[in-house]
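Subject: Structure handover

Hello,

Here is the structure you are taking over. My notes on it follow below.

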Amino acid sequence: MKIAIIGAGNIGGAIASGLMQSEMGRNFSVVISDPDTAKTSQLAEQYQNISAEADNQKAVSDADIVILAVKPWLVEKVLSSIALQPSQILASVAAGITFEQLKSFCNAEVAMFRIIPNTAISLRESMNIISSCNATKEQESVIMDIFNQLGFSMLVTESQMAAGTALSSCGIAYVLKYIQAGMQAGVEMGIYPHDAMMMVAQSVKGAAELILKGDTHPASEIDKVTTPGGITIKGINILESEGFPAAIIKAMKSSK
Ligand SMILES: NC(=O)c1ccc[n+]([C@@H]2O[C@H](COP(=O)([O-])OP(=O)(O)OC[C@H]3O[C@@H](n4cnc5c(N)ncnc54)[C@H](OP(=O)(O)O)[C@@H]3O)[C@@H](O)[C@H]2O)c1
């Protein structure tokens, strides 16, 4: 399968290298296009199945899937300068660019996907929020299979994209803020910053794994930690009275 990636920045570069490191890597031939040839040639040197291109039209000409990974304000310029074939699939990761806009920028009616990953895509641990337009079930499976190589993918309606973006793409920054605050607490209590960071980050990872691998619910996991009369319930009640849940809800809703 031939995949063209337009834009070799944080996300485009992470998709290209992540795919090569995935189990399906050898099934893909990737051409990555960017005016900055230093970025594309570095990827091409590193991976046999990646080739570098500076001309977007050449990159997309025989691709099965075109992944658009440029900044949102460049989407119109890039799409109007390339010719897509009706058999091709367009997958845009540009935040906030709707299917209506994508359609108006394209020369042909193609199957389209909007995909919002988060920065953990560089470790193939991204949450990918995906919606589709004009696509068959088979095309949806192809895109889900590809992005499942880069983390966990969920298909939603376009109307849920903004909320999904707030929860996962912006949400990763809120989790990092929690880690940062935990480090500050640790330092005040006499722990070195790096040790505190490891303690909090591994706890966040463990909490997430309990939910993801145990298919459980945060409330039942919190129940297991909060011994009656114990120290954890004191902290939980302070989080409640100081407005931690309300702040998270407000922050996520504000990012929609
Ligand atoms: N970063 C995130 O967490 C995140 C999450 C979800 C979605 N997204 C979306 O992902 C998209 C890319 O974000 P990013 O963080 O990867 O941005 P980025 O690092 O700036 O990457 C974009 C790349 O596209 C290149 N480019 C500019 N004009 C181009 C053209 N005409 N043809 C081909 N390539 C061109 C840029 O080169 P120059 O640097 O030389 O301009 C840059 O290398 C954005 O639309 C963003 O909304 C990002």
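To start with the overall layout, the C-alpha centres of domain 1 and domain 2 lie 33 Å apart. Please keep in mind that this is a predicted model. The domain assignment places domain 1 at residues 2-156 and domain 2 at residues 164-254. Where the two meet, domain 1 contributes eight residues to the contact and domain 2 contributes five. On the domain 1 side, the touching residues comprise six nonpolar and two polar ones, with no charged residue among them.

As for the chain itself, there are 256 residues, and 30% of them count as buried. The secondary structure consists of 11 helices and eight strands. Measured out along its principal axes, the C-alpha trace spans about 65 × 40 × 30 Å. Taking the contacts with a separation of 6 or more, 58% are between residues 24 or more positions apart.

Next, the interior. In soluble globular proteins, nonpolar side chains tend to be buried together. In this chain, the largest nonpolar core has 51 residues. Those with the most contacts inside that core are Ala-4, Ile-5, Ile-15, Val-66, Ile-67, Leu-68 and Ala-91. Ile-15 can serve as an example: leaving aside residues up to four places away in sequence, Ile-15 touches Ile-5, Ile-67, Ala-69, Ile-121 and Leu-150. Two of these partners, Ile-5 and Ile-67, also appear in the list of core residues with the most contacts.

There is also a ligand. Around the ligand are 27 residues, of which Gly-7, Gly-9, Ile-11, Ala-94 and Ala-95 come nearest. Sorted by class, the shell has 14 nonpolar, nine polar and four charged residues. Helix α1, residues 10-21, supplies the largest share of the shell, with three residues.

One last position to look at is Gly-96. Where does Gly-96 lie? Gly-96 sits in the loop between β5 (89-92) and α5 (99-105). Is Gly-96 buried or exposed? Gly-96 is exposed, because 12 other C-beta atoms lie within 10 Å, and a residue counts as exposed at 12 or fewer. From Gly-96 to Lys-77 is 19 residues in sequence and 16 Å in space, C-alpha to C-alpha.

Regards

Note on methods: Residues are numbered from 1 along each chain as its sequence is written. This is a predicted model: local features need pLDDT of at least 70, side-chain atom pairs count only at pLDDT 80 or more; totals for chains, interfaces and linings use all residues. Helices (H or I, at least four residues) and strands (E, at least two) are DSSP runs, numbered from the N terminus. A residue is buried if 20 or more other C-beta atoms lie within 10 Å of its own, exposed if 12 or fewer, and partly exposed in between; C-beta atoms are placed from the backbone. Domain bounds come from an automatic or database domain assignment. Two residues are in contact if their C-beta atoms, placed from the backbone, lie within 7 Å. Ala, Val, Leu, Ile, Met, Phe, Trp, Tyr, Cys and Pro count as nonpolar, Asp, Glu, Lys and Arg as charged, and the others, Gly among them, as polar. A residue is near a molecule or strand if its C-beta atom, placed from the backbone, lies within 6 Å of it. A nonpolar core is a set of buried Ala, Val, Leu, Ile, Met, Phe, Trp, Tyr and Cys residues joined through C-beta atoms within 7 Å.
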